[in-house]
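Here are my notes after a look through this one, set out as numbered points. Have the structure open beside you while you read.

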Amino acid sequence: MKLHGDVISPFVRMCLVSAHHLGLAEKLALAKTGVKPTEVNETLERLSPIAKVPVLETDHGHGIYDSRVIMEYLAHHAGSDDFIPNDGVKRFRVLTLLALAQGTADAAVSLRYEQAQRPKEFFWSDYATRLTARINAGLNSLEKDWSDVMGLTNAGTIATACMLAYIDFRHDALNWRNNRPKLTAFFERMNALPCLKAWPLT
Ligand SMILES: N[C@@H](CCC(=O)N[C@@H](CS)C(=O)NCC(=O)O)C(=O)O
């Protein structure tokens, strides 16, 4: 299997880290490719009309996307029943945590585009303010609502750790650790795991 993308994308990194955690490191190769919000990456477009990273190319040449589906595919491939649990209550708790981490990552990536890619004369300040508020709302919820799952290593917590690392990398000025001791401790625990160490952000 090949994963198209770059580890700088939080969505790509969460798939690479998941593969490592699930024991699939040897079976998944990274095919490094970059994206720009106004250009089409033809390699990606061949596999996905959405043409965002990540896209997983199966050994049969089929494209699987987006990151959430790739993580589910990897768990299925590895035969894991706790990475995205089957049991109803646990399943939707982990999937909702995954959605929270990915929604926060989406806002962080959009904010980065707003700050670094959009021509300065078109900078939309109200939108940047809204994206920042959404990131902070996501982080606040992670600090207070998720203690029951934050001690586990699964799709939701890996996505959360990758989102936090991206915020450190691109939005250091947000100082996300301020007043968020539980999330800070969570991030330290996750970063010590071999699967996260295997795919450093830089
Ligand atoms: N929902 C997608 C989001 C992926 C995403 O936003 N990827 C960004 C890079 S971090 C991208 O490909 N941007 C290029 C573009 O917007 O055209 C997923 O979970 O895989």
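1. Let's begin with Asp148, which sits in helix α6, residues 147-150. Keep in mind that this is a predicted model. The side chain of Asp148 makes a polar contact with the side chain of Arg93, at 2.9 Å. Now compare sequence and space: Ile167 comes 19 residues away from Asp148 along the chain, and their C-alpha atoms are 23 Å apart.

2. Next, the ligand. Which residues surround the ligand? From the early part of the chain there are Ser9, Phe11, Val35, Lys36 and Pro37, then Lys52, Val53 and Pro54, then Asp66 and Ser67, and finally Val109 and Tyr113. Sorted by class, that shell holds seven nonpolar residues, two polar ones and three charged ones. As for the site itself, the ligand takes up the space of the largest pocket.

3. Three polar approaches to the ligand deserve a look on screen. Ser67 puts a side-chain N or O atom 2.6 Å from a ligand oxygen. Asp66 has a polar side-chain atom 3.0 Å from a ligand nitrogen. Val53 takes part through its backbone, with a polar atom there 2.9 Å from a nitrogen of the ligand. How much of the ligand does the protein bury? On its own the ligand would expose 510 Å², and 86% of that is buried by the protein.

4. Check the backbone at Val53 while you are there. The peptide bond between Val53 and Pro54 is cis, with omega at about 5 degrees. Pro54 belongs to the loop that runs between α2 (42-47) and β3 (55-57). Both Val53 and Pro54 are listed in the ligand's surroundings, so to speak of this cis bond is to speak of two residues from the shell.

5. There is another cis bond to look at, between Tyr65 and Asp66, with omega at about -5 degrees. Asp66 is in the loop between β4 (63-64) and α3 (67-78). This is the Asp66 whose side chain has a polar atom 3.0 Å from a ligand nitrogen. For background, most peptide bonds are trans.

6. Val12 is worth a click too. Val12 is part of helix α1, residues 10-21. Is Val12 buried or exposed? Val12 is buried, and its relative accessible area is 0%. Its C-alpha lies 6.5 Å from that of Val53, although the two residues are 41 apart along the chain.

7. Met1 shows a similar link across the sequence. Met1 is in the segment ahead of β1 (2-5), and at 10% relative accessibility Met1 counts as buried. Which distance separates Met1 and Thr58 in space? Their C-alpha atoms are 4.8 Å apart, with their positions 57 residues apart in sequence.

8. Now go to the loop between α7 (155-170) and α8 (181-191), where you will find Asn175. Asn175 is not a glycine, yet its phi is positive, at about 45 degrees. Most residues other than glycine have a negative phi. Asn175 is partly exposed, with 44% relative accessible area.

9. Asn179 is in the loop between α7 and α8 as well. Its phi is also positive, about 60 degrees, and Asn179 is not a glycine either. Is Asn179 buried or exposed? Asn179 has 75% relative accessibility and counts as exposed, because the cut-off for that label is over 50%.

10. His171 is found in the loop between α7 and α8 too. His171 is buried, at 5% relative accessible area. Where does its side chain make contact? A polar atom of the His171 side chain is 2.8 Å from the backbone oxygen of Ala108.

11. Last stop: Thr184, in helix α8. Thr184 has 16% relative accessibility and counts as buried, because buried means under 20%. Its side chain reaches the backbone oxygen of Arg180, at a distance of 2.7 Å.

Definitions and conventions:
Residues numbered from 1 in each chain as written. Predicted model: local features only at pLDDT ≥ 70, side-chain atom pairs only at ≥ 80, totals over all residues. Heavy atoms only, no water. Near = heavy atom within 4 Å. Polar contact = N/O pair within 3.5 Å; in protein donor to acceptor, adjacent residues only side chain to side chain. Areas by Shrake-Rupley, 256 points an atom, 1.4 Å probe, with all protein chains shown as cover. 1 Å grid on protein atoms, 1.4 Å probe; cavity = no way out; pocket = protein on both sides within 12 Å on 5 of 7 lines; lining within 4 Å. Sits in = over half its atoms within 2 Å of the grid points. Nonpolar A, V, L, I, M, F, W, Y, C, P; charged D, E, K, R; others polar. Helix = DSSP H or I, 4+ residues; strand = E, 2+ residues; numbered from the N terminus. Buried < 20%, exposed > 50% of the residue type's maximum accessible area, 1.4 Å probe, protein only.
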